[in-house]
Amino acid sequence: MDTHDQTVAKPASRPARARPLRALPAWALLERHHQRIKAAHLRELFAEDPARGERLAVETAGIYLDYSKNRITDETLKLLVQLARESGLAERIEAMFGGQPINVSENRAVLHVALRAPRDAAILHDGHNVVPAVHEVLDKMAGFAERVRDGSWRGHTGKPIRTVINIGIGGSDLGPVMAYEALRHYSARHLAFRFVSNVDGTDFWETVRDLDPGESLFIVSSKTFTTLETMTNAHSARDWLLTGLGGDAAAIARHFVAVSTNAEAVATFGIDTANMFGFWDWVGGRYSMDSAIGLSTMIAIGPEHFRAMLAGFHEIDEHFRSAPFEHNLPVLLGLLAVWYADFFGAETAAVLPYEQYLKRFPAYLQQLTMESNGKRVTLDGASVDYPTGQIYWGEPGTNGQHSFYQLIHQGTRLIPCDFIAFARSLNPLGRHHDLLLANVFAQSEALAFGKTARQVAAEGTPDRLVPHRVFEGNRPSNTLLLERLTPDALGKLVALYEHSVFTQGTIWQIDSFDQWGVELGKALAQRIIPELEGAAEPPLAHDSSTNALIRRYRHHKREG
């Protein structure tokens, strides 16, 4: 294993950059290049270069990336790599791994890479190696997970735990939910896992309505232990538990643990702080599934599989840090995203896993990508004058083929697609996997090459129907092919997209690690809550629409 001894970080948080993005030489060259090739069809590109499918592919760390079905040439790749270099991507990568505060608006380091570093690594933050503390928490998690899994951790009435309920929101929910679904094949089947995130009471009630409080364990995941949705659900869970166990407050310590850094609030809630698992302010929520936020994941799959997942993360971290940009998987994916967003005007991107276990992967990526790069100002606070942050969405194949693929194939919008597939099924069943893989390969082929009017007519199609059956093609896609979905492979996939997002943010000169956009609505909600709950009619000073909605809601409450 490699170790990385870093120098003490200086507060310089952005790479030296003399000019704004549009003023970079590579940007101007790409604009001219786009005008020359924007009409080129993938049919032509493949006809001119029969070996293109083998040549425009990269394989590393067990991931085979075929990016040949993109509307690019060798010149495109050369200019995109030039743009990455002129944008200071190499320096920015080193700044992240070096613990510099690249989250400029919060003056914080961004060190999720430390969460999966091996024990002998050295990654410094404020002059201190954070890796030993990371492994101390991992070891504590492992000990607790094993006690729950083997039944030695008992509830207040002496029963073993049968159901683990994770209470969180955002990164404290999306990561654990996605990882549990993705790795369910490896989970302990004598345990059930459920997840509560929405402050809507229905989410909590439907989660616990058929559970035995004496066999239930709640993991409350909130760094500050003040998150409105999480703590509202946590207090409802405590009330439900105490009602079911006769009101003895001592039961809380046997049925609740915390992932938090606020020991005082955790203790006040009734949780034994010995069962509090911490993390750090250099871990962003959407980058935290491999921290203590992943406690439910570790209980589900066991410490050994969890560490295998971390090893997968780390392998891609090292690849991202060391591989030349021309052969760097996250860099290539990130540059292609910039190419379509900023030069072709693509507003969305579809992630299409042909693996049922990855059914929550697109939802997980929505937060990772859109919370990271949904920004309108640069690192210096200047307004951008180019698109940033595509809208990510998707569903597992083949379900999506009978839903939204119509729009991708024959609609008016350009939607780049990432297909994710595995050569081996975890659940071999007759010819199912051959049919699944045939579909993923066919879809990328159909998107790229389409079907011309001449081909449709040659099939005997009536003239009036020919336009309806033409497929324009020239719809770009990447295909990611791995051997099979393992904990290691999941770690690699998540890290791949994390670093692709980082690459995009670096090109766009934005801060991919803050999320101020979630604050305004939360602050306004705090103002509105007492206006909804108060007995007396409150004076309202909102706009006329909001005032009317509040009054109508209060009317329904009175009538209800």
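**Exercise 1. Find which residue is the bridge partner of Asp418 in E13, then place strand E12 among its neighbours.**

Step 1. In E13, Asp418 has Asn478 as its bridge partner. This is a predicted model; local features need pLDDT of at least 70, side-chain atom pairs count only at pLDDT 80 or more, and totals for chains, interfaces and linings use all residues. Residues are numbered from 1 along each chain as its sequence is written, and side-chain values use heavy atoms, with hydrogens and water left out.

Step 2. Fix the element names. Helices (H or I, at least four residues) and strands (E, at least two) are DSSP runs, numbered from the N terminus.

Step 3. Count the bridges. E12 pairs with strand E13 (residues 477–482) in the parallel sense, over six bridges. Strand E10 (residues 348–353) also runs parallel to E12, joined by four bridges. Two strands pair if DSSP finds at least two bridges between them.

Step 4. Pick a pair on the E10 side. Pro353 stands opposite Ile420 in E12.

**Exercise 2. Decide whether the faces of E12 are covered or open.**

Step 1. State the cut-offs. Buried means under 20% relative accessible area, exposed over 50%, and partly exposed in between (1.4 Å probe, protein chains only).

Step 2. Recall the rule. In a regular strand the side chains alternate between the two faces of the sheet.

Step 3. Apply it to each side. Cys417, Phe419 and Ala421 are buried on one side. Asp418, Ile420 and Phe422 are buried on the other.

Step 4. Conclude. Both faces are covered. Strand E12 (residues 417–422) has six of its six residues buried.

**Exercise 3. Locate the largest cavity and say which element gives the most to its lining.**

Step 1. Define the search. On a 1 Å grid over the protein atoms alone, a cavity is a set of points where a 1.4 Å probe fits but cannot get out; a pocket is an open set with protein on both sides within 12 Å along at least five of seven lines; lining residues have an atom within 4 Å of a point. Grid points are joined across faces, edges and corners, and a volume is the space filled by probe spheres set on the points.

Step 2. Count. There are four cavities of 30 Å³ or more. The largest cavity has a volume of about 150 Å³.

Step 3. List the lining. It has 16 residues, with Leu333, Ala337, Tyr392, Asp418 and Asn478 nearest the centre of the cavity. Asp418 and Asn478 are the bridge partners from Exercise 1.

Step 4. Assign elements. Helix H14 (329–343), E12, E13 and helix H20 (487–508) each supply at least two lining residues. H14 gives the most, four residues.

Step 5. Sort by class. Ala, Val, Leu, Ile, Met, Phe, Trp, Tyr, Cys and Pro count as nonpolar, Asp, Glu, Lys and Arg as charged, and the others, Gly among them, as polar. The lining of the largest cavity holds nine nonpolar, six polar and one charged.

**Exercise 4. Describe the two largest pockets by volume, lining and class.**

Step 1. The largest pocket has a volume of about 1100 Å³. The second largest pocket has about 390 Å³.

Step 2. The largest pocket is lined by 40 residues, and Thr227, Gln515, Val518, Glu519 and Lys522 lie nearest its centre. Helix H7 (171–182), helix H9 (228–244), helix H15 (361–373) and helix H21 (519–533) are the elements that give two or more residues to this lining. H21 has the largest share, five residues.

Step 3. The second largest pocket is lined by 15 residues, and Gln356, Ser425, Asn427, His432 and Leu436 lie nearest its centre.

Step 4. Compare classes. The lining of the largest pocket splits into 14 nonpolar, 16 polar and ten charged. The second has seven nonpolar, seven polar and one charged.

**Exercise 5. Work out the strand order of the five-stranded sheet and the helices packed on it.**

Step 1. The sheet is open, with order E6-E5-E7-E8-E9 and parallel pairing. Strand E6 (192–196) and strand E9 (276–277) are the edges, and each pairs on one side only.

Step 2. Add the helices, with contact meaning heavy atoms within 4.5 Å. Helix H8 (residues 201–208) packs on the sheet and touches strand E5 (163–167), E6 and strand E7 (216–221). H9 packs on the sheet too, touching E5, E6, E7 and E8.

**Exercise 6. Is Glu347 buried or exposed?**

Step 1. Glu347 sits in the loop between H14 and E10.

Step 2. Glu347 counts as exposed because its relative accessibility is 55%.

Step 3. Beyond residues up to four places away in sequence, Glu347 touches Gln390, Ile391 and Arg413.

Technical notes: Axes are lines fitted to C-alpha atoms, for helices over the stretch in contact, and angles run from 0 to 180 degrees between N-to-C directions.
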